[in-house]
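Here is a friendly walk through one model, written for someone who likes to know the cut-offs behind each term. Please keep the viewer open as you read.

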Amino acid sequence: MSGLLDELGKIAGAVIAEQGVDKLDPDAGFLEKAAGAFAGFEAAKIGENKLENHDEDEQPQQDDQQ
């Protein structure tokens, strides 16, 4: 289920970026909108990875020595 939510977040980023391109340039063509959508998808993926890495860094380190 978590993987599905991750993909939905990336898709939402792509849709939001495409809508932003449309608002900035109503006459934007398919390539401009596709580039915006791709950039939004990649930005969401990078943001997600940064958050995951940040969460892993905050967890206390356990000693393997016992």
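## K33 and its surroundings

K33 sits in helix α2, where helices are DSSP runs of H or I with at least four residues, strands are runs of E with at least two, and numbering starts from the N terminus. The model is a predicted one, in which local features need pLDDT of at least 70, side-chain atom pairs count only at pLDDT 80 or more, and totals for chains, interfaces and linings use all residues. Residues are numbered from 1 along each chain as its sequence is written, and side-chain values use heavy atoms, with hydrogens and water left out.

With a relative accessible area of 24%, K33 is partly exposed; that class lies between buried (under 20%) and exposed (over 50%), using a 1.4 Å probe and protein chains only. Setting aside residues up to four places away in sequence, K33 touches E18, V21, D22 and A28, a contact being heavy atoms within 4.5 Å. Its C-alpha atom is separated by 8.2 Å from that of Q19, and the two residues are 14 apart along the chain.

## Salt bridges

How many salt bridges does a search of the whole structure find? The search returns 3, each being a side-chain nitrogen of Lys or Arg within 4 Å of a carboxyl oxygen of Asp or Glu. One of them joins D22 to K33, with the closest N and O atoms 3.4 Å apart. This pair links distant parts of the chain, since D22 belongs to helix α1 and K33 to helix α2, 11 residues apart. D22 counts as partly exposed because its relative accessibility is 27%.

K10 and E7 meet through their side chains in another salt bridge, at 3.3 Å from N to O. They are 3 residues apart in helix α1 (residues 2-24), so about one helical turn separates them. K10 is buried, with a relative accessible area of 10%, whereas E7 is partly exposed at 36%. In helix α2, the side chains of E42 and K45 also form a salt bridge, again 3.3 Å from N to O. Here too the partners are 3 residues apart, which means a separation of about one helical turn. E42 is partly exposed at 23% relative accessibility, and K45 is partly exposed at 28%.

## Two buried positions

A14 is found in helix α1 and counts as buried because its relative accessible area is 12%. Which residues does A14 touch, not counting those up to four places away in sequence? They are A37, G40 and F41. A14 is also 7.0 Å from A39, C-alpha to C-alpha, although the two are 25 residues apart in sequence.

E48, in helix α2, is buried yet has no salt bridge. The nearest side chain of opposite charge is K10, 4.4 Å away; for charges, Lys and Arg count as positive and Asp and Glu as negative, with His and the chain ends not counted. Leaving aside neighbours within four places in sequence, E48 is in contact with D6 and K10.

## Surface patches

L4, L5, L8, I11 and V15 form a nonpolar patch on the surface, with about 470 Å² of accessible area together. Patches are built from residues with over 30% relative accessible area and no salt bridge, joining like charges within 9 Å and nonpolar side chains (Val, Leu, Ile, Met, Phe, Trp, Tyr) within 5 Å. The areas come from the Shrake-Rupley method with a 1.4 Å probe, and for residues, only the protein chains shown count as cover. I11 lies in helix α1 and is partly exposed, at 46% relative accessibility.

A patch of negative charge on the surface brings together E52, E56, D57 and E58, each charge being placed at NZ of Lys, CZ of Arg, CG of Asp or CD of Glu. D57 is part of helix α2 (residues 30-58), and its relative accessibility of 62% makes it exposed.

## The chain as a whole

The secondary structure of the protein chain comes to 2 helices and 0 strands. Of its 66 residues, 12% are buried. The accessible surface of the protein chain is about 5,600 Å², and carbon and sulfur atoms hold 57% of that area.
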